[in-house]
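Subject: Structure for you to look at

Hi,

Here is the structure I promised to pass on. Could you open it and keep it beside this email while you read?

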Amino acid sequence: MYNVEQWISRTIHSLKNQSYKNFCCVLIDDFSTDNTVENALENISGDDRFSIIRNTSRKLAAQNRYNGILAAKPNPED
């Protein structure tokens, strides 16, 4: 995610309201310059299905996808 402060709360609430509850969500902030991370942290507080990775420089899409998959620690069959 990058500078999506106006949408991140709605996105997180949409995920939380899904009928399937057994999931892991890794949010990766690609060095946002707005309040994206603060909004995300507020909305995931207390929900251990969510985690946030905060990049210290821009990584862009491919690197973020790769890092997100590693952070989710998928099982081999996943």
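Before the helix packing, a word on terms: axes are lines fitted to C-alpha atoms, for helices over the stretch in contact, and angles run from 0 to 180 degrees between N-to-C directions. Helices (H or I, at least four residues) and strands (E, at least two) are DSSP runs, numbered from the N terminus.

Please keep in mind that this is a predicted model, where local features need pLDDT of at least 70 and side-chain atom pairs count only at pLDDT 80 or more, while totals for chains, interfaces and linings use all residues. Residues are numbered from 1 along each chain as its sequence is written, and side-chain values use heavy atoms, with hydrogens and water left out.

**The helix pair**

Two packed helices are described by the angle between their axes and the distance between the axes. Here helix 1 (residues 8-16) packs against helix 2 (residues 36-44) at an angle of about 30°, and their axes are 9 Å apart. Helix 1 and helix 2 are therefore roughly parallel to each other (angles under 35 degrees get that label, over 145 is roughly antiparallel, 65 to 115 roughly perpendicular, and the rest oblique). The crossing of these two helices is right-handed, meaning that the near helix is turned clockwise from the far one by less than a right angle; anticlockwise would be left-handed.

Which residues make the contact (heavy atoms within 4.5 Å)? From helix 1 come Ile8, Ser9, Ile12, His13 and Lys16, and from helix 2 come Thr36, Asn39, Ala40, Asn43 and Ile44. Sorted by type, the residues of this contact are 4 nonpolar, 5 polar and 1 charged. For that sorting, Ala, Val, Leu, Ile, Met, Phe, Trp, Tyr, Cys and Pro count as nonpolar, Asp, Glu, Lys and Arg as charged, and the others, Gly among them, as polar.

His13, which is found in helix 1, is worth clicking on. At 37% relative accessibility, His13 counts as partly exposed (buried is under 20% relative accessible area, exposed is over 50%, and partly exposed is in between, with a 1.4 Å probe and protein chains only). The C-alpha atoms of His13 and Ile44 are 9.0 Å apart, with their places 31 residues apart along the chain.

**Leu15 and the cysteines**

Leu15 also lies in helix 1, and it is partly exposed, with a relative accessible area of 30%. Leaving aside neighbours within four places in sequence, Leu15 touches Phe23, Cys25 and Phe50. Leu15 and Cys25 are 10 residues apart along the chain, and their C-alpha atoms are separated by 8.7 Å.

How many disulfides are there (pairs of cysteine sulfur atoms within 2.5 Å)? A search of the whole structure finds 0. Cys24 is in none, and its nearest cysteine sulfur, that of Cys25, is 7.3 Å away. Cys24 is partly exposed, at 49% relative accessible area, whereas Cys25 counts as buried at 11%.

**Positive phi values**

Most residues other than glycine have a negative phi. Phe31 has a positive phi, near 65°. Phe31 sits in the loop between strand 1 (25-29) and helix 2, and is partly exposed with a relative accessible area of 41%. Leu60 is not a glycine either, yet has a positive phi of about 70°. You will find Leu60 in helix 3 (residues 60-72), where it counts as exposed at 51% relative accessibility.

**Two loop residues**

Is Asp47, in the loop between helix 2 and strand 2 (50-54), buried or exposed? At 14% relative accessibility, Asp47 counts as buried. Asp47 and Lys16 are 31 residues apart along the chain, with 9.2 Å separating their C-alpha atoms.

Asn17 is in the loop between helix 1 and strand 1 and counts as exposed, at 62% relative accessibility. The C-alpha atoms of Asn17 and Asn35 are separated by 23 Å, and these residues are 18 apart along the chain.

Have fun with it!

Conventions
Contact = heavy atoms within 4.5 Å. Disulfide = S-S within 2.5 Å.
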